[in-house]
Each structure stands twice: as C-alpha cells, then as structure tokens.
Amino acid sequence: MKSTQLALLGGEKAVTTDPGDLFAWPIITKEDEDAALDVLRKGAMSGTDVTEKFETDFRHWLGVDYALGFNNGTNALLAAMFGCGVGVGDEIICPSITFWASCTSAYTLGATVVFADIDPDTLCLDPKDLERCISERTKAIVVVHYFGYPADMDAIMAIAAKYNVKVIEDVSHAHGGIYKGRKLGTIGHVGGMSLMSGKALAVGEAGMLVSNDREIYERAVAMGHYERYTGDIQTADLQPYAGLPLGGYKFRMHQISAAVGRVQLRHYEARQEQIGLAMNYFWDLLEGVPGLRAHRPEQDSGSRMGGWYAARGHYRPEELGGLSVTRFAEAVRAEGVTMCSPGCNIPLHNHPLFQDADVYHHGRPTRIANSSRDVRLLDADLPVTNAVSARLYVIPWFKHFRKDEIEQYAKAFRKVAENYEELLAGDQGNPPVLGGWSMFQKKAL
Ligand SMILES: *Cc1c(COP(=O)(O)O)cnc(C)c1O
C-alpha cells in the first residue's frame, strides 16, 4: 500500500504515534497543587490578598499601571465596558466572529452591539469597516485578537482617536501576544481577558482587566468590587458612593484561582515559547502546500501570536478544485488528526439573541430596546464574516516542540491537500450552518 493513499480511502494513517502529553493543557504540577491547598488551609478563599499579588504579577508582566482580578472573563469585559462609560442607548462595535462574551454584556448596560466585518487574513476586526459602524452613540470598540492573532491596532486606534471612542481589547484568545513590539491588552484604553481553563493562560474560573487609565480602573472597581471601593477613589463622581456596590455586582476572583494563576503566570512565557516553536514549525513544514495558508503574523513584523488558542489554518478551496473544507477536514481526521474540524464560530449576529430576543421585557428586541436606530440593519453588510467558516479548519495545538510528532501531523495535512482530487467524488459540500461554539440549536437556523 502506498503511504500516499489517503487513510479515508483505505490507506495508512499519517499520524502513527500516541500523542501522550503533546496536547495536554494546562500543565499542572505540585507547585499549583501546593498553592491551591495553601489557600484552602488558610481559609482564604474569599479574601483579596492572594488576588492582589496576582494582579501585581500581571501588572509587571504586561507593564501596565492597573490590573483587577475578576471571577471570569465575561465580567472583566462587562466592567471594561462600564469603565469606558458605556450606558443606556450607547453602542459598542464588535466583530461577529468571536465568543459571546466579547459583547453580549452591552445589553446589561442598556447598550447595544454593532457588528463590524473582519479582515479575511487576520480574522480580526477590519479597521476599514469601522467608520461604517460608528455613530454619535458609539462609546467603545471591542477588538478581539481572534485565535491568538494580534489585530491591526494602529489603524483601529487611529480611527478611535478620530471619533473619540474608547478601545477595549478582548485578549481571551491571545495572552502574551505581541503587536509591533507591544503586548496585547496594553494598546487599547483597557484590556479584558478570560483565564478559564480552556484558554492559553489557563487558570480556571477567573478573568483580568488591565489598563493605564485610572478612571476606567476605578469605575471597574466601583461596579463590582465594593470591598475595594474605598475613600482612595479619585474619580469625582464615584467618591460619594464609596463602599457601595455601584453596579449591584460582586466580581471578586476566587483565591484558589488567584493562587493557581500566580503559578501558571510564572511559567507562562516559557511554556508559550514551546508552543510558539512547535506551531511555527508545523506551519513552516506546510509552507507552499496548495490550499493551505498559515494564520500567523509575518516573521519580521515585530508581532507574534499569543498562546495560539484554538488556532486555525486558512483554507483556499479554489486551489483544491473546490473541495469543501468539511470533506478536507474529514480526510485529515482520518489521518489521525482527531481535532481537525472545519470552520470557526457561527457569526453572533445570526443568533436570535441578536435579532428578536426581548431579554428584559422592554416590549421590543433587546438589541434595539434603547436605540435611536435599528442597528440590526447594519448586519446585512458582513460579507467576510458570513463566508469565513468555509475557509478555516482547526489545527493541532501543540504544547511541546517535538519535531518527529509535529512532522506526522503536518504530513497529514500535506497528504490530504496534495491528493485532493481523490476526495472530490465523495464531497457533499459544507452543511448550511458550519461552525462551532454552538450554544445554539443549529437546526433552528
Ligand atoms: C472565553 C472568552 C471570553 C469569556 O471568558 P469567561 O472567562 O469564559 O467568562 C470572552 N471573550 C472571548 C473571545 C473568549 O473566548
């Protein structure tokens, strides 16, 4: 049997080695266990002393003035929006290709979301589509460094400055990523990120807000950290309410998370370096293969991927006789690359939550409950967003730089791409709804 015979059609698999810990994440050692036990034994689960140390570590790591720990990334981003002054009737701009938590909390503030298109290469917010989305009610732009790729921050910050709009970086996919020499999360007015255990900086239920802007930070404190909302607050209109839970929320981080987070952060750069070596090696091996393109910044750009969370590859069906990404991924999985699924997340604007749901009994859809314009009409103009799932597939997320094994995985992708003609006959195309993070009944679409 030829080793080029596709496994899907009866040939040998390209991946023959048991991966062992090649993909295991997070890496938990006795150091993490001891840190967690220490919190338990001291009964310090609900305190803030360990969290404040974690915040200090974070400030030093990113080189920012303020860091504030949260119980999850969703609330760190909600507090970032509140910090930027988003309120009733306001609009935020966000890509539709992201996780819910980048923008859905706008509803909580009485605000709404305008979805901007993404750039087909970076998969992040397309700065060229921002001005279409801006109105007098725009208060903030949420930038997502999607799948670890640093968004085009220079162009985004320039437009934000022109319209006096704040920029929130959602760094949940890209911890430690770099844009032209600057750490992600430190370029916009405020950064918010998830540290949940599926992410690159994997702690557990936890989130972090970072900023160099004292007022944004203080508003975030006031919203959900009443124990830290004290007379030291400098922002004048927050002073009268010190000690009160201004937002009605409690956002404190569990200190087992904070303690484990300190250990994870201590090792993060070294572990991230291994991931980067492995992932870049994988892509180097696939350079020039028809139909496949890396999703990573150019080597001499001064930018680098952050953590490679949920990394994808670009797919160019036009170079492979129109072979669907669904059929392509099926064949790659058959080669032993079990995680290779097609697509990315279903665009958020397609979900009923952003179309007709009346969450708070306004008597009209929450998306337009407090709006002076029907922002849903702008959803019609998202061509890249709507087509992108057919042009992406999941790649392995290597945690260790083990060349022999990585070569087997790269061989699987190469083999399928080079033998695409054999797959055309059985190709049934992509399903009508392609993509994951399906907190949604796909059949209802
Ligand atoms: C995971 C994630 C969040 C939310 O974080 P949680 O910690 O799960 O609340 C926000 N934005 C993006 C892009 C995410 O992937």
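In this predicted model, L6 makes contact with G11, E335, K415, V416, N419, E422 and L423, leaving aside residues up to four places away in sequence. L6 sits in the segment before α1. One of these partners, E422, is 416 residues away from L6 along the sequence, yet the two C-alpha atoms are 8.4 Å apart in space. L6 counts as buried, because its relative accessible area is 0%, and the cut-off for that word is under 20%.

A second residue of interest is K199, which is found in the loop between β8 (190–194) and β9 (207–211). Two UniProt annotations, both from an unreviewed entry, fall on K199. One of them reads "modified residue: N6-(pyridoxal phosphate)lysine", and the other reads "active site". Such annotations may be inferred rather than shown by experiment. Is K199 buried or exposed? With a relative accessible area of 8%, K199 is buried. Which residues surround K199? Leaving out residues up to four places away in sequence, K199 touches W25, S172, H175, S194, Y309 and W397.

The empty space around the protein atoms comes next. Rolling a probe the size of a water molecule over the atoms shows where such space is left. The second largest pocket holds about 270 Å³. It is lined by 19 residues, and those closest to its centre are F99, A101, S194, M196 and K199. K199 is thus one of the residues closest to the centre of this pocket, and the UniProt "active site" feature is placed at K199 too. S194 is also among the residues closest to the centre, and S194 is one of the contacts of K199. Which element gives the most to this lining? Helix α3 (residues 73–83) does, with three residues. Sorted by class, the lining of the second largest pocket has eight nonpolar, eight polar and three charged residues.

The largest pocket holds about 700 Å³ of space. A total of 28 residues line it, and N280, R296, P297, E298 and Q299 are the closest to its centre. Two elements, α7 (255–285) and β10 (292–293), each give two or more residues to this lining. The largest share comes from α7, with eight residues. By class, the lining of the largest pocket is made up of 10 nonpolar, nine polar and nine charged residues.

The backbone has a few features that a newcomer may enjoy looking for. Most residues other than glycine have a negative phi, and most peptide bonds are trans. Where is a cis peptide bond found? W25 and P26 are joined by one, with an omega of about -5 degrees. P26 belongs to the segment before α1 (30–42), as does L6. W25 has already appeared in this account, as one of the residues touched by K199.

Two residues with a positive phi also deserve a look. L123 is not a glycine, but its phi is positive, at about 70 degrees. L123 lies in the loop between β3 (112–116) and α4 (130–133), and L123 counts as buried at 1% relative accessibility. K180 is likewise not a glycine and has a positive phi, of about 45 degrees. K180 is placed in the loop between β6 (178–179) and β7 (182–183). K180 is partly exposed, because its relative accessibility is 48%, and partly exposed covers the range between 20% and 50%.

The last topic is the cysteines. A disulfide is a covalent bond between the sulfur atoms of two cysteines. How many disulfides does the structure hold? The structure holds zero. Why does C340 form no such bond? The closest cysteine sulfur to that of C340 belongs to C344 and is 14 Å away, so the two are too far apart for a bond. A disulfide would need the two sulfur atoms to be within 2.5 Å. C344 is in no disulfide either, and the nearest cysteine sulfur to that of C344 belongs to C124, at 12 Å. Both cysteines lie away from the surface by the same measure used above: C340 is buried, with a relative accessible area of 0%, and C344 is buried at 2%.

How values were computed: Residues numbered from 1 in each chain as written. Predicted model: local features only at pLDDT ≥ 70, side-chain atom pairs only at ≥ 80, totals over all residues. Heavy atoms only, no water. 1 Å grid on protein atoms, 1.4 Å probe; cavity = no way out; pocket = protein on both sides within 12 Å on 5 of 7 lines; lining within 4 Å. Points joined across faces, edges and corners; volume = space filled by probe spheres on them. Helix = DSSP H or I, 4+ residues; strand = E, 2+ residues; numbered from the N terminus. Nonpolar A, V, L, I, M, F, W, Y, C, P; charged D, E, K, R; others polar. Buried < 20%, exposed > 50% of the residue type's maximum accessible area, 1.4 Å probe, protein only. Contact = heavy atoms within 4.5 Å.
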